[in-house]
Amino acid sequence: MTTPARNVSDFLGGDHRRLDAILSAVEGLVQSGAFVEAAARFAEFVGGLSRHIDMEETVLFPAFEEKTGMANGPTSVMRAEHVEIRRLLGVLTSALALSDASAFSMADRQIHEVLGAHNDKEERILYPLSDRIAGGERERDELVRKMQAI
Ligand SMILES: [Fe+2]
Ligand SMILES: [Fe+2]
């Protein structure tokens with residue numbers, strides 16, 4: 001039996017959903033003052049989101065840039081937003097290490113703003129377009145395989 005072919009939209013969109021759920025759990029833990037557990041779950045979020053960004057920057061974006069010939073288009077905007085997202089991950093990690101609920105919630109609001117808009121753009125434009133221009137079912141599956149190898 002062969003497994004059904006995968007695509008970028010389902011794979012990375014699903015990863016957005018998985019990561020959102022971890023962040024919600026962290027927020028709940030911070031609200032109940034469980035900073036040690038919150039920090040542990042947040043480390044999982046940082047690891048997952050860093051890998052997600054690495055998969056995009058080292059596999060998906062170069063493939064998109066090669067297919068479209070656009071190196072200064074949507075992928076360069078996404079890369080710049082990744083820099084801001086990574087910065088906020090650092091701020092949030094420090095806030096949790098200091099058990100500082102107000103610093104956490106301030107940076108948490110910011111990451112929701114940035115990440116919400118960022119993920120939305122990827123899911124509405126970049127992922128569907130990447131799937132469309134990949135070439136075919138086999139090429140889409142190959143993109144997912146390469147990302148999973150990161
Ligand atoms: Fe991204
Ligand atoms: Fe993404």
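**Figure 1. Donor residues of the iron ion (ligand 2) in a predicted model.** Along the sequence, the residues that donate to the iron ion (ligand 2) follow the spacing H-x35-H-x3-E-x65-E-x4-Y, and the view shows them in a model that is predicted. The donors are His16 through NE2, His52 through NE2, Glu56 through OE, Glu122 through OE and Tyr127 through OH, at 2.0 to 2.2 Å. Distant parts of the chain are linked here, since His16 belongs to helix α1 (residues 8–31) and Glu122 to helix α4 (residues 101–133), with their positions 106 residues apart. His16 and Glu122 are both buried. Glu56 also serves as a bridge between the iron ion (ligand 2) and the iron ion (ligand 1), and these two ions lie 3.3 Å apart.

**Figure 2. The surroundings of Asp15 in helix α1.** Asp15 is part of helix α1, and its side chain makes a polar contact of 2.9 Å with the side chain of Arg18. Is Asp15 buried or exposed? Its relative accessibility is 11%, and because buried means under 20%, Asp15 counts as buried. When neighbours within four places in sequence are left aside, the residues in contact with Asp15 are Gly48, His52 and Met55; of these, His52 is also a donor to the iron ion (ligand 2).

**Figure 3. The largest pocket and the residues that line it.** The largest pocket holds about 270 Å³ of space, and its lining is made up of 13 residues. Those that lie nearest the centre of the pocket are Ala63, Lys67, Ala134, Leu143 and Lys146. Two or more lining residues come from each of α2 (35–68), α4 and α5 (137–148), with α2 giving the largest share, six residues. Sorted by class, the lining consists of seven nonpolar residues, one polar residue and five charged residues.

**Figure 4. Leu88 and its contacts in helix α3.** Leu88 has its place in helix α3, and because its relative accessibility is 0%, Leu88 counts as buried. Which residues does Leu88 touch, not counting residues up to four places away in sequence? They are Ala107, Gln110, Ile111 and Val114. A further reference point in this view is Ile53, which is 35 residues apart from Leu88 along the chain, and the C-alpha atoms of Leu88 and Ile53 are separated by 14 Å.

**Figure 5. Ser99 in the loop between two helices.** The loop that joins α3 (74–97) and α4 contains Ser99. Its phi angle is near 50°, which is a positive value in a residue other than glycine. With a relative accessibility of 41%, Ser99 counts as partly exposed, whereas Leu88, in helix α3, counts as buried at 0%.

**Figure 6. The protein chain as the setting for the close-up views.** The secondary structure of the protein chain comes to five helices and zero strands, so that, by DSSP runs numbered from the N terminus, the order of elements reads α-α-α-α-α. Taken along the principal axes, the C-alpha atoms fill a box of roughly 50 × 40 × 20 Å. The chain has 150 residues, of which 39% count as buried, and His16 and Glu122 from the first view are both buried. Among the contacts in the protein chain with a separation of 6 or more, 76% are accounted for by residues 24 or more positions apart.

Terms used. Residues are numbered from 1 along each chain as its sequence is written. Chains are lettered from A and ligands numbered from 1 in the order in which they are written. This is a predicted model: local features need pLDDT of at least 70, side-chain atom pairs count only at pLDDT 80 or more; totals for chains, interfaces and linings use all residues. Side-chain values use heavy atoms; hydrogens and water are left out. Donors are N, O and S atoms within 2.8 Å of the metal (3.2 Å for Na, K and Ca); water is not among the atoms, so sites may look incomplete. Helices (H or I, at least four residues) and strands (E, at least two) are DSSP runs, numbered from the N terminus. Buried means under 20% relative accessible area, exposed over 50%, partly exposed in between (1.4 Å probe, protein chains only). On a 1 Å grid over the protein atoms alone, a cavity is a set of points where a 1.4 Å probe fits but cannot get out, and a pocket is an open set with protein on both sides within 12 Å along at least five of seven lines; lining residues have an atom within 4 Å of a point. Grid points are joined across faces, edges and corners, and a volume is the space filled by probe spheres set on the points. Ala, Val, Leu, Ile, Met, Phe, Trp, Tyr, Cys and Pro count as nonpolar, Asp, Glu, Lys and Arg as charged, and the others, Gly among them, as polar. A polar contact is a pair of N or O atoms within 3.5 Å; within protein, one must be able to donate a hydrogen and the other to accept it, and residues adjacent in sequence count only if both atoms are side-chain atoms. Contact means heavy atoms within 4.5 Å.
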